[in-house]
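Before reading on, please look over the sequence and the model together. The report below takes up the strands and helices first, then single residues, and then the space left inside.

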Amino acid sequence: MADLAGRGESPEILFWVGCSGSFDQRAQKITRAFASILNHVGIPYAILGKEEMCTGDPARRSGNEFIFQMMAYQNIRTLNHYQIRKIVTACPHCFNILKNEYPELGGDYEVIHHTLFLQQLLDAGRIRLKNGGSFQGKKIAYHDSCYLGRGNGIYEAPRKVLEALDAELVEMKRCKSKGLCCGAGGAQMFKEEEKGTIRVNFERTHEALDTGAGIIASACPFCNTMLTDGVKHEEKEDLVKVLDIAEMIAMELTVDG
């Protein structure tokens with residue numbers, strides 16, 4: 001973003017990468033996949049790079065309001081300095097807090113989750129997918145992220161994107177507004193779970209495996225991590241893949257756009 005601003009240019013969107021997408025090796029693949037789609041379609045975009053701080057979501061969820069506000073005000077100063085108006089992110093946690101909680105601190109932006117953005121590109125014909133792609137006819141179970149689904153009511157966009165792959169979309173026992181958390185929300189990603197009979201991500205993975213799907217689709221880097229761990233725990237890595245929706249679309253893009 002600094003390079004663009006130095007040339008007097010502004011992007012169509014700011015791609016908010018987030019901590020997972022920046023530092024987690026698995027989530028970096030999601031970042032690259034979504035960036036490859038933006039490049040393929042020819043959408044002018046920028047990232048903040050080292051100027052991007054954590055949104056403060058984990059701090060606020062775990063009760064440290066002071067740290068959250070420090071991070072939020074720093075990010076808002078940066079975004080407002082560059083006169084950013086439209087933000088797209090692949091992380092529902094970043095999406096939720098930027099969209100719903102930054103405005104009261106002076107950060108008012110149009111914030112779009114990448115699944116909704118991909119649906120818009122598909123509907124507009126800006127993304128064309130291969131005929132008879134590698135997902136055609138395969139069973140895919142989509143896991144609803146809490147922050148995307150129950151938190152913001154986004155249920156159909158991810159499913160419509162997956163349907164464009166000509167796959168068989170199968171639903172878990174608990175889905176949409178009754179979906180089960182992966183176990184990472186509310187800053188649980190960063191702490192040990194309380195004692196119980198089964199880890200939440202293992203229970204959710206069982207529900208996904210019960211559908212008979214060979215692919216578990218997610219739209220959140222935290223969910224991806226938790227479900228991947230669940231599949232490994234069941235020793236099903238060779239049979240079941242956990243993929244972000246952006247990765248799946250990136251794999252099926254036509255050469256000519």
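## A sheet of parallel strands

Two strands are said to pair if DSSP finds at least two bridges between them. The model described here is a predicted one, and in this model strand E1, residues 13-16, pairs with E3 in the parallel sense over three bridges. Within that pairing, Leu-14 has Ile-87 of E3 as its bridge partner. E3, which spans residues 86-89, also pairs in the parallel sense with strand E4, residues 110-113, and this pairing runs over four bridges. Ile-87 appears here as well, with Val-111 as its bridge partner in E4. Between E3 and E4 the chain passes through helix H6, residues 92-100, and the resulting β-α-β crossover is right-handed.

Taken as a whole, these strands belong to an open sheet of four, in the order E2-E1-E3-E4, with parallel pairing. The edges of this sheet are E2 and E4, each of which pairs on one side only. As a general point, strands of a sheet pair through backbone hydrogen bonds, either parallel or antiparallel.

## Strand E5 and its partners

Further along the chain, strand E5, residues 139-142, pairs with E6 in the parallel sense, and three bridges join them. Lys-139 stands opposite Glu-168 of E6 in this pairing. The chain goes from E5 to E6 by way of helix H8, residues 156-163, in a β-α-β crossover that is right-handed.

E5 has a parallel pairing with strand E7, residues 215-218, as well, again described by three bridges. Here the bridge partner of Tyr-142 is Ala-217 in E7.

## Helix H9

Which residues of H9 are buried? They are Asn-201, Phe-202, Arg-204, Thr-205, Glu-207, Ala-208 and Leu-209, and these buried residues pack against E7 and H10. In general, an α-helix has 3.6 residues a turn, so residues three or four places apart point the same way. After H9 comes Gly-212, a residue whose phi is positive, near 80°.

## Asn-96 and Met-53

Asn-96 lies in helix H6, the helix through which the chain crosses from E3 to E4. Is Asn-96 buried or exposed? Its relative accessibility is 8%, and because buried means under 20%, Asn-96 counts as buried. When residues up to four places away in sequence are not counted, Asn-96 touches Arg-61, Glu-101, Tyr-147 and Asn-152. With Tyr-147, the sequence separation is 51 residues, while the C-alpha atoms of Asn-96 and Tyr-147 are separated by 6.4 Å.

Met-53 is placed in the loop between strand E2 (45-46) and helix H4 (57-61). Its relative accessibility is 32%, and Met-53 therefore counts as partly exposed, a class that falls between under 20% and over 50%. Leaving aside neighbours within four places in sequence, Met-53 is in contact with Trp-16, Met-71, Gln-74 and Asn-75. Gln-69 is 16 residues from Met-53 in sequence, and in space the two are 12 Å apart, C-alpha to C-alpha.

## Two loop residues with positive phi

Most residues other than glycine have a negative phi, and most peptide bonds are trans. Lys-176, however, has a phi near 55°, a positive value in a residue other than glycine. Lys-176 is found in the loop between strand E6 (168-170) and helix H9 (200-210), and with a relative accessible area of 31% Lys-176 is partly exposed.

Glu-235 likewise has a positive phi, of about 55°, although it is not a glycine. Its place is in the loop between helix H10 (221-233) and strand E8 (241-244), and at 67% relative accessibility Glu-235 counts as exposed.

## An enclosed space

Rolling a probe the size of a water molecule over the atoms shows where empty space is left. How many cavities of 30 Å³ or more does the count give? The count comes to one cavity of 30 Å³ or more, and the largest cavity has a volume of about 40 Å³.

The largest cavity is lined by His-93, His-143, Ser-145, Cys-146, Tyr-147, Cys-181, Cys-182, Gly-185 and Cys-223. By residue type, this lining divides into five nonpolar, four polar and no charged residues. Tyr-147, one of the lining residues, is also among the residues that Asn-96 touches.

Technical notes. Residues numbered from 1 in each chain as written. Predicted model: local features only at pLDDT ≥ 70, side-chain atom pairs only at ≥ 80, totals over all residues. Heavy atoms only, no water. 1 Å grid on protein atoms, 1.4 Å probe; cavity = no way out; pocket = protein on both sides within 12 Å on 5 of 7 lines; lining within 4 Å. Points joined across faces, edges and corners; volume = space filled by probe spheres on them. Nonpolar A, V, L, I, M, F, W, Y, C, P; charged D, E, K, R; others polar. Right-handed = clockwise from strand over helix to strand, strands pointing away. Buried < 20%, exposed > 50% of the residue type's maximum accessible area, 1.4 Å probe, protein only. Contact = heavy atoms within 4.5 Å.
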